[in-house]
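Q: Hi, could you walk me through this one? I'd like to start with the cysteines and then talk about pockets.

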Amino acid sequence: GQVDALRSWLVRLPAPPRLSAADTAAAERGKALFEDAGAGCARCHSGARLTDNASVDVGTGGSFQVPALVGLGARAPYLHDGRARSLLDVLDARAPGHGDTSALGEDALRDLAAYLETL
């Protein structure tokens with residue numbers, strides 16, 4: 001009963017307010033990268049909450065549920081154990097299973113992080 005009550009309370013919490021992009025042009029470029037099939041972000045982060053709810057191993061010590069990206073900018077640190085202090089740290093790690101960001105340069109990674117902060 002306590003678990004059900006907690007779950008009910010959690011799903012009623014409003015999403016944190018969206019952050020405004022410090023550089024709107026960078027965020028727009030990042031959005032295009034996020035939606036590009038080559039980067040693969042939207043393969044797992046799709047739908048209204050930007051998650052497919054699957055459990056996958058992305059090289060961080062086990063299978064974990066794909067997190068919703070709504071409100072992501074307000075939820076640092078990142079990854080299940082908090083090892084990534086910023087979104088750029090997540091993207092810089094280029095962990096397996098986090099899309100195909102290995103071909104992206106530093107500017108593109110910053111653009112993608114700028115977009116993710118606005119979700």
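Q: Why is Cys41 not bonded to the closest cysteine sulfur, in Cys44?
A: The sulfur of Cys41 is 9.5 Å from that of Cys44, so they are too far apart for a bond. A disulfide here is a pair of cysteine sulfur atoms within 2.5 Å, and the structure holds 0 of them.

Q: What kind of model is this, by the way?
A: This is a predicted model, where local features need pLDDT of at least 70 and side-chain atom pairs count only at pLDDT 80 or more, while totals for chains, interfaces and linings use all residues. Residues are numbered from 1 along each chain as its sequence is written, and side-chain values use heavy atoms, with hydrogens and water left out.

Q: Okay, Cys41 and Cys44 again: buried or exposed?
A: Cys41 counts as buried, at 11% relative accessibility, whereas Cys44 counts as partly exposed at 23%. Buried means under 20% relative accessible area, exposed over 50% and partly exposed in between, with a 1.4 Å probe and protein chains only.

Q: Switching to pockets: what volume does the largest pocket have?
A: About 650 Å³. A pocket is an open set of points on a 1 Å grid over the protein atoms alone, where a 1.4 Å probe fits, with protein on both sides within 12 Å along at least five of seven lines; lining residues have an atom within 4 Å of a point. The volume is the space filled by probe spheres set on the points, which are joined across faces, edges and corners.

Q: Which residues are closest to its centre?
A: Of the 28 that line the largest pocket, those are His45, Pro67, Leu69, Leu79 and His98.

Q: How does that lining divide?
A: Into 17 nonpolar, 9 polar and 2 charged residues. Ala, Val, Leu, Ile, Met, Phe, Trp, Tyr, Cys and Pro count as nonpolar, Asp, Glu, Lys and Arg as charged, and the others, Gly among them, as polar.

Q: Tell me about His45. What is it in contact with?
A: Leaving aside neighbours within four places in sequence, His45 is in contact (heavy atoms within 4.5 Å) with Phe34, Leu50, Thr51, Val66, Pro67 and Leu69. His45 is buried, with a relative accessible area of 15%. The backbone oxygen of Pro67 lies 3.3 Å from a polar atom of the His45 side chain.

Q: And the second largest pocket, what's its volume?
A: About 390 Å³. Its lining divides into 10 nonpolar, 4 polar and 2 charged residues.

Notes: A polar contact is a pair of N or O atoms within 3.5 Å; within protein, one must be able to donate a hydrogen and the other to accept it, and residues adjacent in sequence count only if both atoms are side-chain atoms.
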